[in-house]
Amino acid sequence: MAYNVLIVDDSAVTREIMARSCKLSGVELGEIYKAANGQDALELLKTHWTDIIFADINMPVMDGVQLVENLKQSDEFGQIPVVIVSTEGSCTRLDELYKLGVCGYIRKPFTPEQVAELLRKVLGE
């Protein structure tokens, strides 16, 4: 089964690096979608099925926390696993995110191996 991935980050470079890391993971992937902020991600989800979301915290328009809050309030998207990818990683912030339902965290800068490990863990590969 091929999994669709959504990468949400305001940095085009980070989106590309994350997409490349996902492709190197060994996990069978379908489409890799990209969004520059949480609002764009929610719009994209209306027309594209996604199995896992990698999201930054700090983005303009709608940040990662607001994105997770919106997803978890949705019957349609509330079960999509979300992994946070950020330079921000205080224990308080991570506790807040895990309470919201985030299933993983990767600190920037990340390695392809970290991405692969989380993909396999979250998707049950």
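This is a short walk through one structure, from its sheet to its cores, one helix and one lysine. Please keep in mind that the model is predicted.

I'll begin with the sheet. It is open, has five strands and runs in the order β2-β1-β3-β4-β5, with parallel pairing. At the edges are β2 and β5, the latter covering residues 104–107, and each of these two pairs on one side only. On average, neighbouring strands are turned by 20° against each other, direction ignored. Take one pair as an example: β1 and β2 are joined in the parallel sense over five bridges. Within that pair, leucine 6 has tyrosine 33 of β2 as its bridge partner.

Leucine 6 also brings us to the cores. The largest nonpolar core holds 25 residues, and those touching the most other members are Leu6, Val8, Leu45, Ile53, Leu67, Leu71 and Ile84. At least two residues of this core come from each of β1, β2, α2, β3, α3, β4 and α4. There is also a second, separate core of 18 residues, with Val5, Ile7, Val83 and Phe110 among them.

Now to helix α2, residues 38–45. Which of its residues are buried? They are Gly38, Ala41, Leu42, Leu44 and Leu45. Looking down the axis of α2, these buried residues fall within an arc of 160°, so they line one face of the helix. The general background is that an α-helix has 3.6 residues a turn, so residues three or four places apart point the same way. The cover over the buried residues of α2 includes β1, β2, β3 and α3. Leucine 67, for its part, touches Gly38, Ala41 and Leu42, and beyond these its contacts include Val8, Ala55 and Met62. At its N-terminal end, α2 is capped by asparagine 37, with a side-chain oxygen 3.0 Å from the backbone nitrogen of glutamine 39.

Last, lysine 108. This residue sits in the loop between β5 and α5. Is lysine 108 buried or exposed? Its relative accessibility is 17%, and the cut-off for buried is under 20%, so lysine 108 counts as buried. What does its side chain meet there? One polar contact, at 2.7 Å, goes to the side chain of aspartate 9. Another, at 3.4 Å, goes to the side chain of aspartate 56. Leaving aside neighbours within four places in sequence, the residues in contact with lysine 108 are Asp9, Thr14, Asp56, Val85, Ser86 and Thr87.

That is the tour.

Technical notes. Residues numbered from 1 in each chain as written. Predicted model: local features only at pLDDT ≥ 70, side-chain atom pairs only at ≥ 80, totals over all residues. Heavy atoms only, no water. Buried < 20%, exposed > 50% of the residue type's maximum accessible area, 1.4 Å probe, protein only. Helix = DSSP H or I, 4+ residues; strand = E, 2+ residues; numbered from the N terminus. Arc of directions from axis to C-beta. Contact = heavy atoms within 4.5 Å. Polar contact = N/O pair within 3.5 Å; in protein donor to acceptor, adjacent residues only side chain to side chain. Core = buried A, V, L, I, M, F, W, Y, C linked by side-chain atoms within 4.5 Å. Pairing = 2+ DSSP bridges. Axes fitted to C-alpha atoms, helices over the stretch in contact; angles between N-to-C directions.
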